[in-house]
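Me: Please take a close look at one helix in this structure, and then set it beside the other parts that can be described. I am in my first year, so plain words would help.

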Amino acid sequence: MSKSTAPRTESLSNVSIRRSTHSPIFTVIGSLIIVVLLSVAPWIAPAQVASTLMNFFILVIMATMWNLLAGYAGMVSIGQQAFVGLGAYATLYFALKGVNPFVTIPLAALATAVIAVPVTFLLFRLRGGYFAIATWVVADTAMLIIGTIAVLGGGTGRLMPGLENLSPSQTAHYSYLATWIVALIVVIGTYLLLRSRLGLVLASIRDNEVAARSAGANVRSARRTVYIIAAAGCGAAGAVLAISQPFIQPTNEFSMQWAAEMLFVSMIGGLGTIEGPIIGSIIFFILQQSLQQQGVWYLIIFGVFAVAVALWQPKGLWGAFRSRFRSELLPVGHWVRTERLQTKTPEPLE
Amino acid sequence: MIWVNVIIQGILVGGFYALFACGLSLMFGVLKVINLAHGDMAVVAAYVAVLLSPHLHIAMLWSFLVVVPIFGLLGYVLQRTLIQRSIDRDPFTTLLVTFGLSVVIENLLLELYTANGRTVDIGSIIAQSWHPGSIVYISYVSLVVLAIAVLVLAILQLFLSKSRTGRLIRAVADDREAAQLSGANYKHIFGIAAAIAFATVALAGIAYGMMTQFAPTSGGVNLLFAFEAVVIGGIGSLWGTLVGGIALGVAQQFGAHLNPQYQVLAGNLLFLAVLAVRPQGLFGKKTALA
């Protein structure tokens with residue numbers, strides 16, 4: 001917060017608090033153009049571009065959810081692949097029951113949210129690093145249990161039914177649209193959530209947990225809500241993953257790779273911002289596409305990059321950009337500006 | 001008799017888990033750091049042992065004499081540079097950094113040495129075992145590893161309680177500021193603790209390579225088991241870790257006996273049950289609990 005030497009009453013009258021630092025009209029128009037372009041992408045762009053975009057959306061969904069967990073609620077999970085996998089398998093389960101795979105996406109999100117409730121009661125007994133590894137144990141356990149269920153393909157896997165009466169191009173278009181819509185809902189939903197009362201509680205916990213508690217914030221219940229929402233989001237990501245790559249296998253759906261990607265992407269883009277995970281995902285895909293002939297080198301380079309960012313630029317690329325140019329596309333906090341101290345950089349109050 | 005064998009095999013593998021876990025436990029107890037790359041460090045140690053011994057003209061059995069000190073040094077250096085830097089930020093950063101390292105190491109090993117399994121070759125002793133009962137076979141290697149685990153834990157316990165450096169480590173673990181006021185250089189002490197942790201993890205990695213095949217991805221699974229052993233035994237208790245490791249080993253052997261598919265699952269379920277019923281573990285204090 002800005003320090004003022006002027007008498008308190010005088011300075012207070014000159015303080016303005018705003019969400020945006022620039023007119024939101026640019027954000028709105030820019031977003032609309034992007035949304036329209038991405039909505040028609042499979043009809044105007046080559047199939048390869050559309051399928052890459054789809055993988056990009058899946059990563060954005062996961063990273064946005066991981067960022068909500070870690071960046072806003074302070075919970076480092078390395079086991080979110082549990083819910084990606086459970087979402088994929090919930091889709092498979094409902095599809096085997098005869099439900100249209102596209103209809104199963106919200107069902108899968110709901111199912112993973114329900115499973116997440118009892119999981120929080122176990123996990124919330126641990127904190128910090130122990131919490132992190134315990135989330136991984138949960139993911140491992142979920143994978144092993146699914147692997148014993150023969151009807152879901154056991155350890156070897158099973159092809160998702162219900163897509164065979166669509167033509168290949170129909171399948172591609174529909175699954176693209178489904179993924180795109182889920183990504184939109186997740187990003188916009190997270191944005192609205194962070195501007196809601198829960199977002200305010202999360203921000204107060206992050207700034208000072210003791211003060212938040214004494215002001216009546218229910219820390220545990222706020223964290224639980226966030227954990228369940230993040231599980232549902234990853235469940236939806238798993239569901240669209242299952243539709244886009246319909247051979248469902250435990251080691252694929254529950255892969256540690258998901259956890260690594262969502263974590264790196266959020267760290268590099270910037271934890272605690274909506275834009276961060278999206279920007280991180282863009283960088284990740286550029287790197288992956290340009291190094292795809294070189295095995296897993298893209299992941300190694302990206303990991304080193306993420307570690308460097310965590311050590312030397314902990315706000316991430318977007319965080320650095322934001323504090324330098326005082327600009328935000330999707331503001332969830334408030335900027336405090338005192339008229340007398342115009343020359344001083346206003347600090348984001350989130 | 002079959003159940004006696006299950007329990008004996010569980011105890012043998014449990015000793016290995018405890019050896020693997022004591023470094024994790026020490027790092028958390030003293031530095032309040034969870035090193036998510038702990039398991040991968042062990043795998044790196046096993047690779048170094050396999051790749052280095054032909055050049056040094058020593059039998060792989062004795063490679064630990066070279067690799068363990070190297071890892072002690074590596075632990076000290078890594079602590080004073082990367083890990084200390086992340087601790088200075090916050091515990092959150094430490095988790096992100098060590099997880100990043102873990103993924104990088106695993107994929108680097110995969111790129112350099114492929115996914116093929118390797119072993120630390122110690123000759124024909126690997127196949128030999130003591131045969132005290134009708135169906136009970138006790139492999140010499142596992143027995144030696146269990147003995148090493150108990151020995152390492154005993155030395156560590158003695159070192160922490162009796163030696164001057166050990167007392168300093170405990171002082172820094174209990175109250176960093178107070179220890180600093182009395183003249184202890186906590187960063188150096190942290191470095192020593194990390195050196196010990198890395199030395200034990202190198203030993204565990206080589207032991208693992210002697211007992212079974214290892215691959216770049218072995219680190220993650222072993223970190224999981226080590227962590228489960230620590231929590232089951234009780235966070236902050238060295239001997240608790242041994243008991244936790246044995247409990248985990250026995251649970252896994254029971255599971256494997258029912259169906260090989262259930263081996264790891266049974267261990268995970270024991271861990272989750274302990275978390276639900278007795279979250280402080282069998283011998284633990286309530287320090288790491290929320």
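Reply: The expected span of a helix is 1.5 Å times one less than its number of residues. The model here is predicted, and the helix to test against that rule is α3 of chain A, residues 47–72. With 26 residues, α3(A) reaches 36 Å from its first C-alpha to its last, which is close to the expected 38 Å. How much of α3(A) is covered? Most of α3(A) is, since 19 of its 26 residues are buried. After the helix comes Gly74(A), which has a positive phi, near 70°.

A single residue elsewhere in chain A shows what burial looks like in numbers. Ala134(A) sits in helix α6, which covers residues 128–147 of chain A. A residue counts as buried if 20 or more other C-beta atoms lie within 10 Å of its own. Ala134(A) has 26 within that distance, so Ala134(A) is buried. If neighbours within four places in sequence are left aside, Ala134(A) is in contact with Leu123(A) and Leu126(A). Ser31(A) is 103 residues away from Ala134(A) along the chain, and the C-alpha atoms of the two are separated by 39 Å.

Chain B can be described as a whole. Its secondary structure consists of eleven helices and two strands. Read from the N terminus, the order is α-α-α-α-β-β-α-α-α-α-α-α-α. The radius of gyration of chain B is 19 Å, close to the 19 Å from the globule rule for 290 residues, so chain B is as compact as a globular protein of that length. Along the principal axes, its C-alpha atoms fill a box of roughly 60 × 50 × 35 Å. Of the 290 residues in chain B, 52% are buried. Among contacts in chain B with a separation of 6 or more, 74% join residues 24 or more positions apart.

Finally, the two chains touch. Chain A and chain B each put 37 residues into the contact. On the chain B side, α3 (64–89), α4 (91–113), α9 (218–233) and α11 (263–277) each supply at least two residues. The most comes from α4(B), with 15 residues. Sorted by class, the side of chain B that touches chain A has 26 nonpolar, seven polar and four charged residues.

Note on methods. Residues numbered from 1 in each chain as written. Chains lettered and ligands numbered in written order. Predicted model: local features only at pLDDT ≥ 70, side-chain atom pairs only at ≥ 80, totals over all residues. Contact = placed C-beta atoms within 7 Å. Helix = DSSP H or I, 4+ residues; strand = E, 2+ residues; numbered from the N terminus. Nonpolar A, V, L, I, M, F, W, Y, C, P; charged D, E, K, R; others polar. Buried ≥ 20, exposed ≤ 12 C-beta atoms within 10 Å, placed from the backbone. Rg over C-alpha atoms; globule rule 2.2 N^0.38 Å.
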